[in-house]
Amino acid sequence: TFDAWIEGVGMFYQNETELIFKIKPSKDAYVKIFLFSQTEAFQLFPNNYENSFLLKANTEYKFPSETMDYTLETNKKSEMHRMIMVFMKEDIPYTNDVEYKKIIDWIFSIPPNARVIKSFGFSVVNEKKMKE
C-alpha cells in the first residue's frame, strides 16, 4: 500500500529544458531524488535551496519548488539520464558522496517495507550538436 504516483517525466528533453514533474504519495513519505548523466551525478532533492519535508498522503506536489529550476543540459548530441526517487516512511538523510554505487548501497540499507523506489530513464538531446 506504500507507493507513489509520478507525472510529467518524459522520455526525451531538448538541451536546456527545465525538468518539471509532480509527485503524489499513497502514504505520508519523505523523498530523496538523484539524477545521473553519463558523466555526472546530482542529488536533485533535497538540495541547497529546497529542504526535505513530509509529503502528505494523497496530496500532489510539484517539483521543483517555485524558487528553483532543474535545467537539463548536455554537451553531447544525446545523453542518457537516470532519475531515481526514493520514498521513505522516515526522513533518512543521504550524507555520502553522490555516486551511483554509494547511493544504491544506501537505498538497500533501508528496510524494504520502509521504502519505495521509482526509476526513470530519459535522453537529453542537443539539436545544435546534431547538426554539426
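**View 1. Burial and surface of the whole protein.** In this predicted model, 39% of the 132 residues of the protein count as buried. The protein exposes about 7800 Å², and carbon and sulfur atoms supply 49% of that area.

**View 2. Overall dimensions of the chain.** The C-alpha trace of the protein spans about 50 × 30 × 25 Å along its principal axes. A compact globule with 132 residues would have a radius of gyration near 14 Å, and because the protein has 15 Å, its value agrees with that expectation. Among the contacts in the protein with a separation of 6 or more, 74% are between residues 24 or more positions apart.

**View 3. Helices and strands along the sequence.** The secondary structure of the protein comes to 2 helices and 10 strands, which follow one another along the sequence in the pattern β-β-β-β-β-β-β-β-β-α-β-α.

**View 4. The open sheet and its edges.** In this sheet, 5 strands lie in the order E2-E10-E9-E5-E6, with mixed pairing. Strand E2 (12–14) and strand E6 (41–45) are the edge strands, each of which pairs on one side only. On average, and with direction ignored, neighbouring strands of this sheet are turned by 30° against each other.

**View 5. Strands E9 and E10, with helix H1 on the sheet.** Strand E9 (residues 78–88) and strand E10 (residues 115–125) run antiparallel and are joined by 11 bridges; Met-83, for instance, has Phe-120 in E10 as its bridge partner. Helix H1 (residues 100–109) packs on the sheet, where it touches strand E5 (30–36), E9 and E10, and the direction of helix H1 makes about 25° with that of E9.

Notes. Residues numbered from 1 in each chain as written. Predicted model: local features only at pLDDT ≥ 70, side-chain atom pairs only at ≥ 80, totals over all residues. Heavy atoms only, no water. Pairing = 2+ DSSP bridges. Helix = DSSP H or I, 4+ residues; strand = E, 2+ residues; numbered from the N terminus. Axes fitted to C-alpha atoms, helices over the stretch in contact; angles between N-to-C directions. Contact = heavy atoms within 4.5 Å. Rg over C-alpha atoms; globule rule 2.2 N^0.38 Å. Buried < 20%, exposed > 50% of the residue type's maximum accessible area, 1.4 Å probe, protein only. Areas by Shrake-Rupley, 256 points an atom, 1.4 Å probe, with all protein chains shown as cover.
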